[in-house]
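Trainee: Hi, could you walk me through this model before I set anything up?
Mentor: Sure, let's open the file and talk it over.

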Amino acid sequence: MAPESAPLPETLAELAGLDPNSVPVMILTSLVGAALIGTLMMTNTALAGPWAKRKITAAFTDRIAVDRIGPFGLLIIVADSVRLLSKELIVPDGVDRPAWDLAPLLIASSALLGFAVIPMGNGLHLADPEVGLAYVFATASMASVGLVMAGYASNNKYSFLGGLRAVAQNVAYEIPLILTGASVVIFAGSLQMSEIVAAQSQTLVGPIPSWYAFVNPFAFVLFMIANLAEVGRNPFDIPEAPTEIVAGYQTEYSSVYFVLIYLGEFIHIFLGGAIIATIFLGGPAGPVLPGIVWFLIKIWGVFLFTQWARSAIPRVRIDQLIEIGWKGMLVLSLANLLLTAVIVGVVA
């Protein structure tokens, strides 16, 4: 039996009675493990996009959401999937292919790659590299390239404006996001995701766990705000801003390409929630329930927060967004990093 901390591919190999050190077995079990984790996250995304988003928004705005198709309206997931995938894929004149074709794939796949190193419970991670947090930030930021490709290649002025806005927004808020994450690394002394989770396993005061959300709530708030900008939720939904630039970078996409972009948007929200859960909320840690259940509760909690922001906070102007990022978030994240380094240095 593989140890509980063993990566999922090794656990699968042990359960199947195969040699986990064999290269063919390693490749096979890695693919199976990736499929299992990918299916789990895609299931959450399918539940969140067509159904939960509407239900939550309706609750916040005192309206009635989908409730006719299936129990609690759950079959809207199937109905929307069939409706969107059966639509004609319209390719506008003058688009720059293959960039136009590759952009939706890049947007959706970049977030899925990030889940490879997220610890979701005992043994529920594909890999645990020493640079795990850096890897997650790197894969998540690849979506910015997809947004630029979609905006530029669409041969549409609104799409182009959306792509430019996406670049400006991601540059302005990725730096504070990474700097705030670096403050957690200073506390934990490691970039390895399992080590960051293990560093939060003690108690802080009484029954309060030593999660970094409690140890450094200022960093937690900064990260949550920067994450809203990264996933394009209000007040930072500038790259698509329907009332200003139609739908921004996704204006010219339809059918399966639109589904991929829409899917990528929600996968990135859950990846942001997974990062927050891992580095600030103790990962899969929690009483009584299995770790994977606590992990899902935490990422759905972050999703609920993003939907509340979408319903409750008005969109800022593009100039205000840039000013908040460069003059506010950057300065505060640098101050937090410096303060964290001083505190850890003095305590050590």
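**A chat about the model**

Trainee: Where do these coordinates come from, and what is the secondary structure of the chain?
Mentor: This is a predicted model, and the secondary structure of the protein chain comes to 13 helices and two strands.

Trainee: How does the radius of gyration sit with a compact globule?
Mentor: The two agree, because a compact globule with 348 residues would have a radius of gyration near 20 Å and the protein chain has 21 Å. Along the principal axes, the C-alpha trace spans about 60 × 50 × 40 Å.

Trainee: How many cavities of 30 Å³ or more does the structure hold?
Mentor: There is one, and about 430 Å³ of space lies in it. The lining has 29 residues, and the closest to the cavity centre are Ala143, Asn170, Glu230, Val231 and His268.

Trainee: Which helices supply at least two residues of that lining?
Mentor: Helix 5 (132-153), helix 6 (157-188), helix 9 (217-230) and helix 11 (255-280) each do. The largest share is from helix 11, with seven residues.

Trainee: And by class, what lines the cavity?
Mentor: The lining of the largest cavity has 16 nonpolar, nine polar and four charged residues.

Trainee: OK, on to pockets. How much space lies in the largest one?
Mentor: About 520 Å³. There are 26 lining residues, and Gly49, Pro50, Phe258, Tyr262 and Phe266 are the closest to the centre of the pocket.

Trainee: Which elements give two or more residues there?
Mentor: Those are helix 2 (23-60), helix 3 (76-85) and helix 11. Here helix 2 has the largest share, seven residues. So that you have the classes to hand too, the pocket lining counts 11 nonpolar, six polar and nine charged residues.

Trainee: So helix 11 turns up in both places?
Mentor: Yes, helix 11 supplies at least two residues of the cavity lining, and helix 11 also gives two or more to the pocket lining.

Trainee: Let's switch to helix packing. What are the angle and axis distance for helix 9 and helix 13?
Mentor: Helix 9 and helix 13 (residues 318-347) pack at about 150°, and their axes are 10 Å apart.

Trainee: Is that crossing left-handed or right-handed?
Mentor: Helix 9 passes helix 13 in a left-handed crossing.

Trainee: Which residues meet there?
Mentor: From helix 9 you have Phe218, Ala219, Leu222, Ile225 and Ala226, and they meet Met329, Leu332, Ser333 and Asn336 of helix 13. By class, this contact has seven nonpolar, two polar and no charged residues.

Trainee: Now the backbone. Which peptide bonds should I look at?
Mentor: Most peptide bonds are trans. Here, though, the bond from arginine 97 to proline 98 is cis, with omega near 10°. Another cis bond joins asparagine 234 and proline 235, where omega is about 5°.

Trainee: Where do proline 98 and proline 235 lie?
Mentor: Proline 98 is in the loop between helix 3 and helix 4 (99-114). Proline 235 is in the loop between helix 9 and helix 10 (242-245).

Trainee: What about phi? Which residue would you point out?
Mentor: Phenylalanine 72, which has a positive phi near 60° without being a glycine. For context, most residues other than glycine have a negative phi.

Trainee: And where is phenylalanine 72?
Mentor: Phenylalanine 72 sits in the loop between helix 2 and helix 3.

Terms used. Residues are numbered from 1 along each chain as its sequence is written. This is a predicted model: local features need pLDDT of at least 70, side-chain atom pairs count only at pLDDT 80 or more; totals for chains, interfaces and linings use all residues. Side-chain values use heavy atoms; hydrogens and water are left out. On a 1 Å grid over the protein atoms alone, a cavity is a set of points where a 1.4 Å probe fits but cannot get out, and a pocket is an open set with protein on both sides within 12 Å along at least five of seven lines; lining residues have an atom within 4 Å of a point. Grid points are joined across faces, edges and corners, and a volume is the space filled by probe spheres set on the points. Helices (H or I, at least four residues) and strands (E, at least two) are DSSP runs, numbered from the N terminus. Axes are lines fitted to C-alpha atoms, for helices over the stretch in contact, and angles run from 0 to 180 degrees between N-to-C directions. A crossing is left-handed if the near helix is turned anticlockwise from the far one by less than a right angle, and right-handed if clockwise. Contact means heavy atoms within 4.5 Å. The radius of gyration is taken over C-alpha atoms; the globule rule is 2.2 Å times the number of residues to the power 0.38.
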